[in-house]
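Let's take a walk through this model together, starting from one side chain and working outwards. Keep the viewer open as you read.

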Amino acid sequence: MRAPGELWFDRAAVDALAERVRAHLAEHGSIDTAAYKRLTGTTRRTTVPLMELLDALEVTRRAGDRRVRGRAR
């Protein structure tokens with residue numbers, strides 16, 4: 001799957017990340033960039049496009065400097 005910018009990610013990896021993000025949101029209500037980085041184990045350069053990709057997939061939506069649950073599921 002293509003993320004914003006020039007990055008591409010494996011669909012299964014994105015689906016697995018989406019499940020981890022959903023679990024985090026169920027427990028905490030929102031997620032910030034630092035928590036995303038811990039979930040992905042990557043740098044901000046990779047994490048931010050992944051955050052934007054999950055926003056586009058409506059797994060999350062941006063609320064200020066955090067993400068909250070989107071419309072999907």
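**From a histidine to the hairpin**

The side chain of H24 reaches the backbone oxygen of S30 at 3.2 Å, a polar contact (a pair of N or O atoms within 3.5 Å; within protein, one must be able to donate a hydrogen and the other to accept it, and residues adjacent in sequence count only if both atoms are side-chain atoms). A word on the ground rules: this is a predicted model, in which local features need pLDDT of at least 70 and side-chain atom pairs count only at pLDDT 80 or more, while totals for chains, interfaces and linings use all residues. Residues are numbered from 1 along each chain as its sequence is written, and side-chain values use heavy atoms, with hydrogens and water left out.

H24 sits in helix α1, residues 11–28; helices (H or I, at least four residues) and strands (E, at least two) are DSSP runs, numbered from the N terminus. Because its relative accessibility is 16%, H24 counts as buried (under 20% relative accessible area; exposed is over 50%, partly exposed in between, with a 1.4 Å probe and protein chains only). Leaving aside neighbours within four places in sequence, H24 is in contact with G29, S30, I31, A35 and L39, where contact means heavy atoms within 4.5 Å.

Next, look at the largest nonpolar core (buried Ala, Val, Leu, Ile, Met, Phe, Trp, Tyr and Cys residues joined through side-chain atoms within 4.5 Å). Of its 15 residues, F9, V21, Y36 and L54 touch the most other members. The elements giving two or more residues to this core are α1, α2 (33–40) and α3 (44–56), and α1 gives the most, with five. Not counting residues up to four places away in sequence, Y36 touches V21, I31, T47, M51, L54, T60 and R67.

Y36 also helps join two helices: α2 and α3 meet through T33, Y36, K37 and T40 of α2 and R44, T47, L50, M51 and L54 of α3. Their axes are 9 Å apart, at an angle of about 100°, with axes being lines fitted to C-alpha atoms over the stretch in contact and angles running from 0 to 180 degrees between N-to-C directions. The two helices are therefore roughly perpendicular (65 to 115 degrees; under 35 is roughly parallel, over 145 roughly antiparallel, the rest oblique).

Also in α3 is D55, which touches T60, R61, R62 and R67, again not counting residues up to four places away. Finally, strands β1 (residues 60–63) and β2 (residues 66–69) run antiparallel, joined by four bridges; strands pair if DSSP finds at least two bridges between them. A63 has R66 as its bridge partner in β2. The hairpin has two residues between the strands, and G64 there takes a positive phi near 70°.
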